[in-house]
Structure formats: structure tokens, C-alpha cells
Amino acid sequence: MPEGDTVARQCRVLHEALAGATLTACDLRVPRHATADLVGWRVREVRPRGKHLLMRLIPPSPESASLTLHTHLMMDGIWHVDGRALRSSDTSAGPRSAETIRVALTARHDEGREARAIAYDVKQVRLVRTAEEAELVGHLGPDLLDPAWDEDPSLRERARENLAAEPTRPIGLALLDQRNLAGIGNIYRSELCFLQRVHPAAPVASVGDLGAFVDLARRLLALNLDRAVRVTTGGMLGRDGDLWVYGRGGRQCRRCRARIQRGELGEPRLEGTEPRVLWFCPRCQTGPGAPRAMRGPDPR
């Protein structure tokens, strides 16, 4: 499952391959934009916004408005550049079927170098005016990998305030809500709660220092930005020692040796949403809300 670090890494490789190049072929295999012709457009940059990829394009004519090609990897999406998967710790780098191609781009640099980028299995492909990007990503909270994070303390404070805004909401749901802070997915949600010794179903008001959650989330994503295999344990536990609880149902907790449990946490108030699977240690992560809000613990 791609998370903020994966998206930022893919954007960086796409930017290095395409920025400054002119599109010589473009195939958007989605009904809404199937007839769009971007040949002649120049790639200005490729930037992440949380889990969203934004490819900003300069028109061949100054009379036209700049456009942004927006994609979202969702659960299984991945970009390939020049036939190589942009490797990540949570997306298969293996071969993909041509039937799953949603975007195919070929671009040529002024010096003649050519690059080809293909998006497989992405579930969102949108083409909008760059000036109107906010319609797609304006709802997002502060991006944990925003380059300005360290120089702008208001980003951290906004993220903390967003989490605190619903004190009775389970912290495990608040962390996944991209409107609060952008970049956390299911893996980091489980790992953050374990590291903070908080049960994912604990109400936000009961977990203590929310700023500590924000700081740790930012630190983990930044540390894994250049890693092909995501690590939250410090990398000192040897083979198969990368994560504390995620995906380890039925195995011993690395801290207390209790059995890691698998559960589901949902939000009934949001119609049409499905409970999400998570993992936790029943001994290390005790506290408010734990027995009531979790459903379907399963040691398998």
C-alpha cells in the first residue's frame, strides 16, 4: 500500500526523468481524458502532495493555461520509468499487465535523451488547470514531507490542531484522515500507535501529546524516503525485523513477547466506508477504548 514516502520517492524519480522534456506521445487510458492530446507540452515538474502525484505541464502556446496531470496510486498503483518499476517498500515491483496501464508518456529532452513513463493500476487520473489544483488536493492537511516543514512551524501546529479537533474520535482513524495530516497510511498508522504505546481505538483526547505523534510520523516518513524497504524498528533486529506490528498477526511482540493481534477499525458515521485492518500488541497498547472499539481480533 503506497504511503507518503513511496509517493515522494516516485515523484522524485519521475521528476528526474521528465522535468524539462517535451511530450512526444501521450496516452491517457481513462474515459474522461481519453482524447486529450498533450503532445508538445513540456513537463515543468513532478511533485507530491501527501499521497497524490502532481505532474505540472507547460503548454506549447503561451495563450494556453498550464495543466496538471494528477494521479493517485491508491492500493496497487505504480509508475515505471524506462521499463523499470520505481521500487518501493509497499508496492510490487514485478511485471504488470498491459491491460492495467492508465497513463503512458514518452518525452524527449532538448539534448535528444528520451524517457518513457507508464502508470499501472492507478485509480485516479485527472487533468486540470494547474491554477485549479486545489479542487483535487486543497482539502488535504499539512504534508508530512513538505520541504518547508522545518522552516514553517505552523505546519506542525496545524496538523496537531487538526488531530485534536475531534477528541472522541479514535486516534487510529484520525491519523488516517488525510484532511488532518497527509501521508500516513495503514502501515504507519499501526506502527505509530505501537511506538507511542497507544491503542489505535483510544479516543484522541486520551492519548496525550498529539504533537509527539506528528513529530514521530514526520521522522519515520523522512527516514524511509530513500529506503527500498521501510524500517520503523531502527534496523537493528536483523532479517525480517523491519516493522514492529504491521502484518505480524499471531507472531510475538518484539518488545514484550505477547502475540500481535489483528483487528479492524471502522467509522460507522461515514456511510460507504469499510473498516480497515490494523495490528497491535494487546500488552504494550492498553488503555482507553481498546476492548470496545476494536472488532474482529484475529491472531492469524
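Contact here means heavy atoms within 4.5 Å. Keep that in mind as you click around, and remember that this is a predicted model.

**Stop 1: helix α5**

Select residues 186-195, which form helix α5. Is this helix mostly covered or mostly open? Mostly covered: nine of its 10 residues are buried. Colour N186, I187, Y188, R189, S190, E191, L192, C193 and F194 to pick out those buried residues.

What does the covering? Show α1, α4 (171-176), α6, β10 and β11 (276-280), which are among the elements lying over the buried residues of α5. Before you leave, click on R197, which follows α5 and has a positive phi, near 55 degrees.

**Stop 2: α5 against α6**

Now keep α5 on screen and add α6, residues 210-223. The two helices pack at an angle of about 125 degrees, and their axes are 11 Å apart. An angle between 115 and 145 degrees falls in the oblique range, so α5 and α6 are oblique to each other. The crossing of α5 past α6 is right-handed.

Which residues make this contact? On the α5 side, select Y188, L192, C193 and L195; on the α6 side, select F213, L216, A217, L220 and L221. Sort them by class and you get nine nonpolar residues, with no polar and no charged ones.

Try looking along a helix at this point. An α-helix has 3.6 residues a turn, so residues three or four places apart point the same way.

**Stop 3: α3 against α6**

Hide α5, keep α6, and bring up helix α3, residues 153-164. Here the packing angle is about 125 degrees and the axes are 9 Å apart. That makes α3 oblique to α6. Once again you are looking at a right-handed crossing, this time of α3 past α6.

Select R156, A159, R160, L163 and A164 in α3, then L210, G211, A212, V214 and D215 in α6, and you have the residues that meet. By class, this contact holds six nonpolar, one polar and three charged residues.

**Stop 4: a salt bridge from R230 to D5**

Time for some charged pairs. The model has 17 salt bridges, and you can visit a few of them. Start with R230 and D5, whose side chains meet at 2.7 Å, N to O. This pair links distant parts of the chain: R230 sits in the loop between α6 and β10 (261-265), while D5 is in helix α1 (residues 4-18), 225 residues away.

Are these two buried or exposed? R230 is buried, with a relative accessible area of 5%, and D5 is buried too, at 0%.

**Stop 5: a salt bridge from D110 to R42**

Next, select D110 and R42, which form a salt bridge at 3.5 Å, N to O. This pair also joins distant parts of the chain, 68 residues apart: D110 is in the loop between β7 (101-108) and β8 (114-120), and R42 is in strand β2 (residues 42-49). D110 is exposed, with a relative accessible area of 66%, whereas R42 is partly exposed at 28%.

**Stop 6: a network**

For the last stop, select R44, E45, R47, R56 and E133, which are linked in a network of salt bridges. Zoom in on R47 and E45, where the side chains meet at 3.2 Å, N to O. R47 counts as partly exposed, at 35% relative accessibility, but E45 counts as buried, at 14%.

Definitions and conventions
Residues are numbered from 1 along each chain as its sequence is written. This is a predicted model: local features need pLDDT of at least 70, side-chain atom pairs count only at pLDDT 80 or more; totals for chains, interfaces and linings use all residues. Side-chain values use heavy atoms; hydrogens and water are left out. Axes are lines fitted to C-alpha atoms, for helices over the stretch in contact, and angles run from 0 to 180 degrees between N-to-C directions. Helices (H or I, at least four residues) and strands (E, at least two) are DSSP runs, numbered from the N terminus. Angles under 35 degrees count as roughly parallel, over 145 as roughly antiparallel, 65 to 115 as roughly perpendicular and the rest as oblique. A crossing is left-handed if the near helix is turned anticlockwise from the far one by less than a right angle, and right-handed if clockwise. Ala, Val, Leu, Ile, Met, Phe, Trp, Tyr, Cys and Pro count as nonpolar, Asp, Glu, Lys and Arg as charged, and the others, Gly among them, as polar. A salt bridge is a side-chain nitrogen of Lys or Arg within 4 Å of a carboxyl oxygen of Asp or Glu. Buried means under 20% relative accessible area, exposed over 50%, partly exposed in between (1.4 Å probe, protein chains only).
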